[in-house]
Amino acid sequence: MSVLVLAEHDNASLKPATLNAVAAAQALGGELHVLVAGANCRPAAEAAAKIKGVAKVLLADDPVLAHPLAEDLAPLVVKLAESYSHVFAPTTTAGKNVMPRAAALLDVAQISDITAVVAADTFVRPIYAGNALATVQSKDKVKLITVRGTAFPAVPAEGGSAAIEATAVPGSAGLSTYKGAELSKSERPELTAARIVISGGRGMQSGDNFHLLDKIADKLHAAVGASRAAVDAGFVPNEYQVGQTGKIVAPDLYIAVGISGAIQHLAGMKDSKVIVAINKDEEAPIFQVADYGIVGDLFKILPELEAELAKQVK
Amino acid sequence: MKVLVAVKRVIDFNVKIRVKADKTGVETANVKMSMNPFDEIGVEEAIRLKEKGVATEIVAISLGAQPCQETIRTALAMGADRGIHVLTDAELQPLAVAKLLKAVVAKEQPSVVILGKQAIDDDCNQTGQMLAALLGWSQGTFASKIAIADGKATVTREVDGGLETVELKLPMVITTDLRLNEPRYASLPNIMKAKKKPIEQMTPEALGVDPAPRLATLRVDEPPKRQGGKKVASAAELVEKLRTEARVI
């Protein structure tokens, strides 16, 4: 049995989510290969070769895959899948885009966002915004799986020395063209990889007020997130969204500010190690999951918190 | 140009779901059901395409047991022109839904199929991508903006790092993300009018599709509960507790 992991990367380097997907794949115990598909992506492949436990890296380097579109990438995954029992990818927007397309072409089910590997054919995945956990069994010849990163601690990025082998890329499907991207530039850690996350909700009242969170994030080297309500209200862009339909995070510390704690938000953060809630409504459901709650006006508490951090944390 | 929009009947997003005592699934008896929120966005987008003169006809389709008709009626009340109901009591998983939709697409020949990016019950996020694969069409997933002209679409997609824009050949499959639009409420006159709009019923057998599930659900459990509820009085106490008790900063 050998398993393939689809690496998430920007051609120059690997995204941390790859290491979580490798961790899930390792739980099966077969020979583990990583596919790095892109254009001029050898640096990413070299990084993948260093991941502990990886036996081989497949390098699919072709201008067609400069910005991997699902229409062009799925045929490659389909071609390779025949040699593997399982194909894993991180549950990212890229993984979610291509894996179901590849699965349908293979006429197999896709198993979304697993949080545990029970057996080679049996996996646990959250449903209903994480309010239930389904244990599902697949009898398909090859299992295509996306992996919830927060459920599998990253494997070490160093310590391996896998061989890199080139693999041919089927030509472009000619259905879609990449036109451009507007990516947020931030000095802060990525939401899904940050050790500390501070998020704002509708209680922040405006996008401008998010600078109150930025100041605290800077002190704690934290990422800044938001509830769906704050995104819906136009305070911040969608990539800030933590929740069932946004990003799933599980940092050591999650600070929810002005967030009531709707089911769909809790789905995105309730596996955090320590949760802090700041909300003026003491009945807010967020307090039921918070390890430490402060009831009060966030506009008064945030500056105090910033001052206390300056005083108490070096 | 015809638009097919798929709508799923799910437990309302406000309902706190309960896992059944025998762990076979989630309690659905006597629970409020609604259209999947992302599918509402899909219906709204189809209506806006028609209002702009890009689309000429909107067909709303739902798959499942008899009450799915209510969900189709909701789409008709919002502004869809007619409905299709694929009637089955079987459990439908994304691959089966994609195959059934493909069979309907063969009959209806739409230029665009719009689906929600994810249903809030099974949280799969698969069906649109699978349908595009089976049809050999382009896919604009997690769309926050769509512009259609000259047989092509420019689609802005919500991706992890921000936004990505792609150009897609028609016909295409779109899956909706939150910021694509804000769905309208159906007016009372439109709800009345919707009652007269036709809904055609068909079966998986008639469409020649075997909808048997590929994944067996062995059990459904409740997630572990968090012990929360502790309060602190001030920012000073919070920082102190985070340092010395929780040791996370």
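**Figure 1. Strand pairing across the two chains, centred on S138(A) and L215(B).** In this predicted model, S138(A) stands opposite L215(B), a residue of β12(B). The two strands involved are β8 of chain A (residues 132–138) and β12 of chain B (residues 215–221), which run antiparallel and are joined by six bridges. In general, strands of a sheet pair through backbone hydrogen bonds, either parallel or antiparallel.

**Figure 2. The contact between chain A and chain B.** Chain A contributes 78 residues to the contact, and chain B contributes 71 residues. On the side of chain A that touches chain B, 40 residues are nonpolar, 22 are polar and 16 are charged.

**Figure 3. The open parallel sheet of chain A.** Five strands of chain A make up this open sheet, in the order β13-β12-β14-β15-β16, with parallel pairing. Its edge strands are β13 (223–226) and β16 (292–295) of chain A, each of which pairs on one side only. Neighbouring strands of the sheet are turned against each other by 15 degrees on average, direction ignored. Within the sheet, β12 (residues 196–200) and β14 (residues 253–257) of chain A are linked in the parallel sense by five bridges. I196(A) stands opposite L253(A), which lies in β14(A).

**Figure 4. The cis peptide bond between L170(B) and P171(B).** The peptide bond joining L170(B) and P171(B) is cis, with omega about -5 degrees. P171(B) is located in the loop that connects β9 (162–169) with β10 (172–176) of chain B. Most residues other than glycine have a negative phi, and most peptide bonds are trans.

**Figure 5. Two loop residues of chain A with positive phi, D107(A) and Q205(A).** D107(A) is not a glycine, yet its phi is positive, at about 55 degrees. D107(A) sits in the loop between α4 (93–106) and β5 (110–114) of chain A. With 13 other C-beta atoms within 10 Å, D107(A) is partly exposed. Q205(A), likewise a residue other than glycine, has a positive phi near 70 degrees. The loop between β12 and α5 (211–220) of chain A holds Q205(A). Q205(A) is partly exposed, as 15 other C-beta atoms lie within 10 Å.

**Figure 6. The fold of chain A as the setting for the close-up views.** Chain A has nine helices and 16 strands. Its C-alpha atoms fill a box of roughly 60 × 40 × 40 Å along the principal axes. The radius of gyration of chain A is 21 Å, which agrees with the value near 20 Å for a compact globule with 314 residues. Of the 314 residues of chain A, 60% count as buried.

Technical notes:
Residues numbered from 1 in each chain as written. Chains lettered and ligands numbered in written order. Predicted model: local features only at pLDDT ≥ 70, side-chain atom pairs only at ≥ 80, totals over all residues. Contact = placed C-beta atoms within 7 Å. Nonpolar A, V, L, I, M, F, W, Y, C, P; charged D, E, K, R; others polar. Pairing = 2+ DSSP bridges. Helix = DSSP H or I, 4+ residues; strand = E, 2+ residues; numbered from the N terminus. Rg over C-alpha atoms; globule rule 2.2 N^0.38 Å. Buried ≥ 20, exposed ≤ 12 C-beta atoms within 10 Å, placed from the backbone. Axes fitted to C-alpha atoms, helices over the stretch in contact; angles between N-to-C directions.
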